[in-house]
Structure formats: structure tokens, C-alpha cells
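This report describes selected packing, pairing and charge contacts. The account proceeds from helix packing to the sheet, the salt bridges and a further group of strands.

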Amino acid sequence: MNKPVLVLKFGTASITKPTGEPNEPIMVDIARQVAALHPHYRIVLVSSGAVGAGKSLIRDYRGDITQRKAAAAVGNLLLLNQYSRFFSIYGISIAQSLCERHHFANRDQFLQLKQTYDELWANGIIPIANENDVVSNRELKFSDNDELATLIAVGFGAKALMLCTSVGGLLDADGQIIRQVTRFNEEIFGVVRTDKSSLGLGGMASKLTFAKLATRMGIRVIIFGLNESNSLERALRGEIGTEFTAQPTSLSARNRWLGSGSLVVGRIRVDAGAVRALQQRRSLLAVGVQAVLGEFTAGEMVEIWDEQDAAVAIARVRISSEMLTQQLNQQNVEVANANDIVVL
């Protein structure tokens with residue numbers, strides 16, 4: 001159980017035909033390549049494709065939210081059956097893990113998820129995760145599996161997060177793959193193309209957003225494709241795809257979980273004095289708050305911005321947005337305790 005954690009995410013366009021049906025030869029090759037890595041890593045496979053796999057069985061499919069949920073319910077079963085069949089060739093069993101946001105937002109539920117994964121890994125079983133689209137109370141377009149894979153990687157302290165894409169990596173203006181990214185800036189986000197698969201929900205902008213989050217949590221991120229032989233091992237060795245360098249971090253496991261920016265439900269803008277206090281590991285007080293953006297309740301996660309609208313921290317707040325708005329600039333009102341703040 002001392003093996004590093006590796007999170008592999010395969011998007012809809014990577015593992016399905018244009019019609020949405022699972023691409024069996026691709027899935028067979030994924031099983032072969034993952035099986036080769038299995039002795040060396042604790043692997044989580046995050047797989048999209050459920051909606052595409054199941055939509056042909058929904059009459060008069062138009063793609064509305066209810067039909068997408070129904071298609072996902074059917075498609076998940078089809079995908080898992082395929083994965084089970086192909087991994088069994090290598091003597092590897094798989095498990096289904098349907099996740100929702102609250103499994104990560106709630107610390108106790110996340111620890112239960114972690115204990116379950118630990119037990120699966122101890123028995124040589126690979127969990128295959130997907131968002132629980134069937135009961136999700138948010139439209140699917142507001143969440144994709146790039147986010148889910150990142151939450152798992154951050155929460156489990158993964159060594160690497162690998163995001164598979166049909167284009168093989170981050171492309172520059174000339175359509176060539178950028179081999180390595182050491183820092184995120186406007187230039188990097190500026191090369192993103194807006195086109196994406198008609199089957200999937202995520203795109204390169206989504207991958208970059210979550211790659212930025214993962215790297216600042218100390219996780220190496222690789223965006224790669226399956227159009228070359230042994231692409232998984234080669235991408236891990238840095239031979240193909242785009243590698244995003246992990247930033248040094250000394251955050252504890254709890255603070256990595258706290259610092260997962262995709263869990264935030266609101267934002268707070270603070271003055272320069274408050275920023276200095278946060279950097280000195282002090283609590284956030286209402287006197288330093290300039291503006292409250294969005295609605296949140298006590299116990300929820302918010303992002304803290306400076307006066308230049310740059311994110312400086314993530315915090316679990318002790319008062320609601322309504323209460324904070326009423327107490328702006330008041331002395332001795334604690335918005336977030338230092339123990340519940342992660343400086344970015």
C-alpha cells in the first residue's frame with residue numbers, strides 16, 4: 001500500500017465511436033496498458049462515455065437533462081461490463097464508484113470513500129469512477145469528469161493525474177503539441193481552441209483549469225492521447241503529450257482537500273492587510289473584507305480574492321454570506337479560522 005496513486009481519466013471522445021458506442025479495440029488496449037502499470041501504482045480509472053453508450057436505447061433521444069440521466073443509467077452498466085470483461089484477461093477485477101459533489105465537500109464522507117478505495121487497492125481491485133449522473137441535481141454541463149478526476153487526485157495525494165484527450169495534448173497556435181508547461185499564464189490559456197467533441201462535455205479549457213489546481217497541490221499532470229503505441233507508459237515517461245510540472249507543496253492531506261478550489265460556492269474580496277494576515281497564517285476577520293460575491297452558509301468553502309481579483313486562498317467559513325454582508329468592517333468578527341484556510 002506504499003505504491004503511489006495514479007489517476008487516469010478517459011473522456012468520451014477517447015473511448016467511444018462517433019455514434020457514442022464504446023470503442024472495443026480502444027478499451028481492450030486501455031485494459032492492456034493499465035494492467036502493465038497495475039503492479040506499480042494504486043490506480044483509479046475515471047471513465048466518461050456513459051451517456052454516449054446508453055443514448056441509443058432511449059427513444060426519441062434529444063439530449064435533454066432527463067434523457068441524459070436515463071442514458072447514463074443504461075450506459076454505465078454497458079461500460080462497466082466491457083471494462084470487466086477486458087480487465088479479466090489480466091486477472092484484474094474492477095469496482096464501480098459513482099460519485100457526487102457532497103462526497104468530496106463533506107470531510108467525513110470523503111474519508112469513507114478513501115477507506116473504501118484503500119480496501120479495494122489492498123485486494124488488487126481497480127475502482128472505476130464516474131459522476132453519479134442519475135441523481136445529480138445539477139445539469140451535467142456544469143460538471144465534467146476532468147473535475148472528478150482532479151478531486152480524486154487532490155484528495156488522495158496522487159503522484160500523477162493523466163487526462164486523455166483526442167488531440168494528444170495542449171496544442172500551440174500552429175497545431176503542435178506543447179511538450180511541457182511549468183507555469184500557467186494568459187499565454188497558455190490563450191492557445192486553447194473552443195472546439196470540442198459533440199459527445200463529451202469537457203474541453204481543453206476545462207483540462208487546463210483543473211491541471212492548474214492539481215499542480216499547485218503538488219500533483220504532476222499529463223494531457224495525452226491514445227493514438228500512439230503504449231501511450232500510457234510513454235506519457236508517464238514524458239515522451240509524448242503535455243506535462244504540467246507539479247509545484248512544491250508542504251500541505252497536509254486535510255489542507256489539500258480543503259484547497260480543492262472546485263468545491264467553492266462563493267468568493268470574498270479582501271484588502272491588502274487581510275492578505276498579509278493570511279500569509280502569516282492568521283484568521284480572516286470581517287474588518288478586512290471588501291466585498292462578498294455569491295451566497296454561502298456557515299461551513300461551506302469560499303475562494304478569497306485580493307484587490308487585483310487574484311485568488312489567494314481557499315477557506316471554510318464560519319458565518320454565512322448574509323451575516324458577513326451585515327458585519328462588513330466590524331472588528332473581532334471571525335470569518336474563517338486560520339486552521340480552515342489554505343493559502344494558495
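In this predicted model, helix H7 (residues 145-155) packs against helix H9 (residues 204-216), with the two axes 9 Å apart and at an angle of about 10 degrees. Angles under 35 degrees count as roughly parallel, and H7 and H9 are therefore roughly parallel to each other. On the H7 side the contact involves Asp146, Glu147, Thr150 and Val154; on the H9 side it involves Ser206, Lys207, Phe210, Leu213 and Ala214. Sorted by class, the contact of H7 with H9 comprises 4 nonpolar, 2 polar and 3 charged residues.

The surroundings of H7 can be described further. H7 is largely enclosed by the rest of the structure, because 11 of the 11 residues of H7 are buried. Among the buried residues of H7 are Asp146, Glu147 and Thr150, which also take part in the contact with H9. Others include Leu148, Leu151 and Ile152. After H7 comes Gly157, which has a positive phi near 60 degrees.

**The open sheet**

An open sheet is formed by 8 strands, with mixed pairing and the order E3-E4-E2-E1-E5-E7-E8-E6. Its edges are strand E3 (94-99) and strand E6 (180-181), each of which pairs on one side only. Within the sheet, strand E7 (residues 220-224) and strand E8 (residues 242-244) are joined by 3 bridges in the antiparallel sense. Ile223 has Thr242 in E8 as its bridge partner.

Helix H6 (residues 107-122) packs on the sheet and touches E1, E2, E3 and E4. The direction of H6 makes about 115 degrees with that of E2. Helix H2 (residues 24-37) lies across strand E1 (5-10), strand E2 (42-47) and strand E4 (126-131). Relative to E2, H2 runs at about 160 degrees. Angles over 145 degrees count as roughly antiparallel.

**Salt bridges**

The structure holds 15 salt bridges. Three of them are listed below with the separation of their N and O atoms.

| Basic residue | Acidic residue | N to O distance |
|---|---|---|
| Lys9 | Asp146 | 3.1 Å |
| Arg318 | Glu334 | 3.3 Å |
| Arg318 | Asp340 | 3.9 Å |

What does the salt bridge of Lys9 with Asp146 tie together? Lys9 lies in strand E1 and Asp146 in helix H7, so the pair ties together parts that are 137 residues apart in sequence. Residues under 20% relative accessible area count as buried. Lys9 is therefore buried, at 5% relative accessibility, and Asp146 is also buried, at 0%. Asp146 is in addition one of the H7 residues that meet H9.

Arg318 takes part in a salt bridge with Glu334 and in another with Asp340. Arg318 is in the loop between strand E13 (311-316) and helix H13 (321-326), whereas Glu334 is in strand E14 (residues 334-336), 16 residues apart. Asp340 lies in the loop between E14 and strand E15 (341-343), so its pairing with Arg318 ties together parts that are 22 residues apart in sequence. Is each residue of this group buried or partly exposed? Arg318 counts as partly exposed at 43% relative accessibility, and Glu334 is partly exposed with a relative accessible area of 27%. Asp340, by contrast, is buried, with a relative accessible area of 12%.

Elsewhere, salt bridges that share partners join Glu228, Glu233, Arg234, Arg237 and Glu239 into one network.

**Strand E13 and its partners**

E13, which precedes the loop holding Arg318, is mostly covered, with 5 of its 6 residues buried. E13 is joined to strand E12 (residues 301-305) by 5 bridges, and the two strands run antiparallel. In this pairing, Trp305 stands opposite Ala311 in E13. The hairpin of E12 and E13 has 5 residues between the strands, and Asp309 in this hairpin takes a positive phi near 60 degrees.

E13 also pairs with E15: 3 bridges join these strands, which run antiparallel. Here Ala313 stands opposite Val343 in E15. E13 thus has bridges to E12 and to E15, while the loop between E13 and H13 contributes Arg318 to the salt bridge with Asp340 in the loop between E14 and E15.

Note on methods:
Residues numbered from 1 in each chain as written. Predicted model: local features only at pLDDT ≥ 70, side-chain atom pairs only at ≥ 80, totals over all residues. Heavy atoms only, no water. Axes fitted to C-alpha atoms, helices over the stretch in contact; angles between N-to-C directions. Helix = DSSP H or I, 4+ residues; strand = E, 2+ residues; numbered from the N terminus. Parallel < 35°, antiparallel > 145°, perpendicular 65-115°, else oblique. Contact = heavy atoms within 4.5 Å. Nonpolar A, V, L, I, M, F, W, Y, C, P; charged D, E, K, R; others polar. Pairing = 2+ DSSP bridges. Salt bridge = Lys/Arg side-chain N within 4 Å of Asp/Glu carboxyl O. Buried < 20%, exposed > 50% of the residue type's maximum accessible area, 1.4 Å probe, protein only.
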